Amino acid sequence: MSSCDYDSSCLPDLLPLYYRRLFPFSQYYRWLSYGGVTKNYFQNREFSFTLKDDIYVRYQSFSNQSELEKEMQKMNPYKIDIGAVYSHRPSQHNTVKSGTFQALEKELVFDIDMTDYDDVRTCCSAADICSSCWTLMTIAVRILDRALREDFGFQHLLWVYSGRRGIHCWVCDEAARKLSVAGRSAVAEYLSLVKGGEETLKKVQLSDPLHPFIRESLAVVEHYFIQYALMGQDILGNSKTTDKVEDLQSFFQSEKNPVKRWKKISGLCMPILRCQIYIQGILCSVMILQISVPIDLEELDKFDPFAVPTISLICEELDKPRTGEEEEVVEEEKKENEIEAAERRKIRDYKRTSLAKYVKLFDRFLDGMARARKGEILRKSDLQKEF
Amino acid sequence: MQFSRRRRLVSQPQDGLYGHCLQFYGRPPAENISLAEFETFAFERLKLLKTVENLGVSYVKTSDQYTKKLYSEFSNLNFPHKAEADDKKEQTEYEKRRKDHISHFILRLAYCQTEDLRRWFIQQEMDLFRFRFSGLTSKSKTEFLHQNNLQYDTVSMEQKKALVDKLVSSSYAVSGATVMEQDFYKVPFQDALDLVRTRKVFLKGGYAYIPHQDIIAIVLNDFRTRLSKALALTARSLPAVQSDERLQPLLSHLSHAYVGQDYSIQKNVGKISLEQIDPLSTKSFPLCMRQLHKSLRENHHLRHGGRMQYGLFLKGIGLSLEQALQFWRSEFIKGKVDADKFDKAYAYSVRHMFGKEGKRTDYTPYSCMKVILSNPPSQGDYHGCPFRHSDPELLKQKLQSYKLSPSAINQILELVKGMHYQLACQKYFELTHNIEDSGFSLNHPNQYFMESQKVLGDGKDVKREPETPHREAAASKGLGASRQNAEEMEDLDALFQDD
């Protein structure tokens, strides 16, 4: 049903199926509980839903996974936003004494939006993307990922393709969740290469020597630049793209001074990184039509935004007749406990769809955080054992 | 086999409590002290902080003069400064650190009450802290950081070698040599946000690599945050403290405290004639008294607040009771008050000022602190401190009318903007007397008068008392007198509401 890929009229039919059989609730719950280390962490988390006809509801909160499931299956939201962890249950915020209901913790989230690059893209504009302008995103992702890990020491980064034209990075480390507003804006400013707002781009202030962050970012840009230019992005002017690219290549071979190299290309692909950061408030994690999926950074260069499954696709896949093997397993399960069977069925269900590899990625991410928490507990108890 | 790691801690006061000459004042003192010590400690720290303020405005904070003068004040007042590891002096060093600790906490009680007081206190304590921290040895600095849970470790030599290029290119004014010779500290990036924000520091694995010279900014920031929070907390528990009868008068006057001569003993009675007052008002009166005198002459009247401030000042410069009565009477009669009314209503208050009525206490002339902080003037009043209470535009006009040069006026206005009212007045003194350095620290209008007379050559009659030997006595006397003063003043005020 390719028509369904482009309009939302079939969503009312597909969403119930999606939420009943495919949405990875247990992974969600596992993620947002963060190992249950902090009491009520999940219970005090705000969710917001965008329903049919653009109805927006805030301050949703849930006691456990089951409540979350039931509510989402009832409401069938087109979009889910994950908010902050508050001091009290968001669903009860009206009963709390005024002034005491406060946001306490929130992941640090970065949003890289293709539309920020409109002044430089010549192939597409607004919500459209193509494989050549996608390279700009790749560059931004690489720069950000390196800086967050190496400079700031963050380890648990969940990169998500938000389904259309943007990529989000959710930094889930404890230090990030506890970061103050001042801290968040300081991190954002550190990472900003372009100062200046909606009007013309302003050049980066470059000093000699270059700060290591800029030097590293420059290395990333150079690596992708030729590829990007070669893919036909007409950034060098109307004509003679190929010639100019060759000139550039030879320029890079001869000129080693990083400042001079940077200056050469800075006018051309300057808005490489213009991050918008959601400091408070909420950020979507599921988009309609195309589903938000985690991105594997190791495969980043091969990532194809057009190959991300749409909701109609995976529903289709679900409806496909099962193979013989699968039929046997289903028969076995009928004899087991009903709840366990339901869980197992669900797992089998999404594994039959294109969602499988993405859920696997998400699981890997969650496993990493669990390992880190375990390591932390061991470390702390070791220290205590010293006495 | 289990080995017990516990050692019995032999607690000597010297070991545990004041392990470093510098501290963050995290824990309040937990001992008993006498009221006398309470008072003395508080006053001496106050003097130290005032010196910090004065020197800070007069000299560049890193200059030799600043350093020398401030250290000598440390010595005079017996406060700890260098990390002296002199065994012979161990006991005295301990005493100094104890005094530092206790006096800080006492002043917190006095200075937590209003926004202005808090700001002043935090500013001086920060300057004091910065001065003392900068004077520590490198080893001592690291010790201090560790003792105060600022787990800022220094970067090892090997690490520095590996990172030297990156460190040089990220930090301001750092060369390869600097990296190898100086200490670099690893600070969690959350504690160095200003440097992170402007990308003026090297970041690795969540740590900012801070050169030695920048660590003080970070530590100071931490100090200011802690002190600010602590003062807010202190303010909340203040009512409980103030309900203690022994402390209440002490604390409520500490923030208004004047720590010098109180000019209550008249040494120069009768040396001034009434005819001299007019010329003296333009030559030797501070601006506040000049203003009061002028408006008295113009309006033939002054309201209560003005009469008190000016009347006591005149007493302090040497007017006798008889002279004072004559002075006020002759002026008021020119206005709406007839002789009878004056005798009935106003003469009493003049005699009161001289201690000849009511409780028969000899009132002391107001210090600058009292003028600046108490009883702000309202419409129709001429008392107060012009540098504090006048509109800057009007002040500017007034100074222009006194023929001060524009640059001079600007200097004064800058000091006013920085809320250094007494220093502004001192600058006014220097400009009107044509001298570079007044040579004194202005605290009292009568002091202004005496110093002025000295400069203008009438030093024979008006002697300046040496401050040092009287300091202890004057301090407690000042407190005692001002405490009494305030109590009595309230009586007087109650009797004479305006006009």
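Visitor: How is a salt bridge defined, and which residues of helix α4 of chain A illustrate one?

Guide: A salt bridge is a side-chain nitrogen of Lys or Arg within 4 Å of a carboxyl oxygen of Asp or Glu. Side chains of opposite charge can pair when their charged atoms come close. Here A:Asp145 and A:Arg149 form such a bridge, at 3.2 Å from N to O. Because the two stand 4 residues apart in helix α4 of chain A, about one helical turn separates A:Asp145 from A:Arg149. Helices (H or I, at least four residues) and strands (E, at least two) are DSSP runs, numbered from the N terminus.

Visitor: What kind of model is this, and how are its parts numbered?

Guide: This is a predicted model, in which local features need pLDDT of at least 70 and side-chain atom pairs count only at pLDDT 80 or more, while totals for chains, interfaces and linings use all residues. Residues are numbered from 1 along each chain as its sequence is written, chains are lettered from A and ligands numbered from 1 in the order in which they are written, and side-chain values use heavy atoms, with hydrogens and water left out.

Visitor: Are A:Asp145 and A:Arg149 buried or exposed?

Guide: Buried means under 20% relative accessible area, exposed over 50%, and partly exposed in between (1.4 Å probe, protein chains only). A:Asp145 has 10% relative accessibility and therefore counts as buried. A:Arg149, at 32%, counts as partly exposed.

Visitor: How many salt bridges does the whole structure contain, and which residue pairs with B:Asp100?

Guide: The search finds 31 salt bridges over all chains. B:Asp100 pairs with B:Arg45, their closest N and O atoms being 2.8 Å apart. This pair links distant parts of the chain, since B:Asp100 lies in helix α4 (residues 90–111) of chain B and B:Arg45 in helix α2 (residues 35–58) of chain B, 55 residues apart. Both B:Asp100 and B:Arg45 are buried.

Visitor: Which salt bridge does B:Arg98 form with a residue of helix α4 of chain B?

Guide: B:Arg98 meets B:Glu95 in a salt bridge of 3.7 Å, N to O. They are 3 residues apart in helix α4 of chain B, so about one helical turn lies between B:Arg98 and B:Glu95. B:Arg98 is buried at 9% relative accessibility, whereas B:Glu95 is partly exposed at 34%. Salt bridges with shared partners join B:Glu31, B:Glu37, B:Glu95 and B:Arg98 into one network.

Visitor: How many residues does each chain give to the contact between chain A and chain B?

Guide: Contact means heavy atoms within 4.5 Å. Chain A gives 25 residues and chain B gives 18 residues. Buried area is the accessible area (1.4 Å probe) that two parts lose on being put together, summed over both. For chain A and chain B that area is about 1,600 Å², and carbon and sulfur atoms give 59% of it. On the side of chain A, the residues that lose the most area to chain B are A:Tyr190, A:His211 and A:Pro212, together 28% of what that side buries.

Visitor: Which residues form the salt bridge across this interface?

Guide: The rule finds 1 salt bridge between chain A and chain B. B:Arg197 and A:Glu189 form a salt bridge through their side chains, 3.4 Å from N to O. The elements of chain A that give two or more residues to the side touching chain B are α4 (131–151), α6 (181–191) and α7 (212–230). The most comes from α6(A), with 8 residues.

Visitor: Where in chain A is pLDDT under 50?

Guide: pLDDT is the predictor's confidence in each residue, from 0 to 100. Where pLDDT is low, the predicted coordinates should not be read in detail. In chain A, pLDDT stays under 50 over residues 196–204 and over residues 234–242. The mean for chain A is 74, and 63% of its residues reach 70 or more. Among its elements, strand β8 (residues 276–278) has the lowest mean pLDDT, 29, and helix α5 (residues 174–177) the highest, 95.

Visitor: How many helices and strands does chain B have?

Guide: Chain B has 23 helices and 4 strands. Of its 499 residues, 49% count as buried. One buried residue is B:Tyr402, with a relative accessible area of 19%, found in the loop between α19 (392–401) and α20 (406–417) of chain B. Not counting residues up to four places away in sequence, B:Tyr402 touches B:Leu287, B:Arg290 and B:Tyr428.
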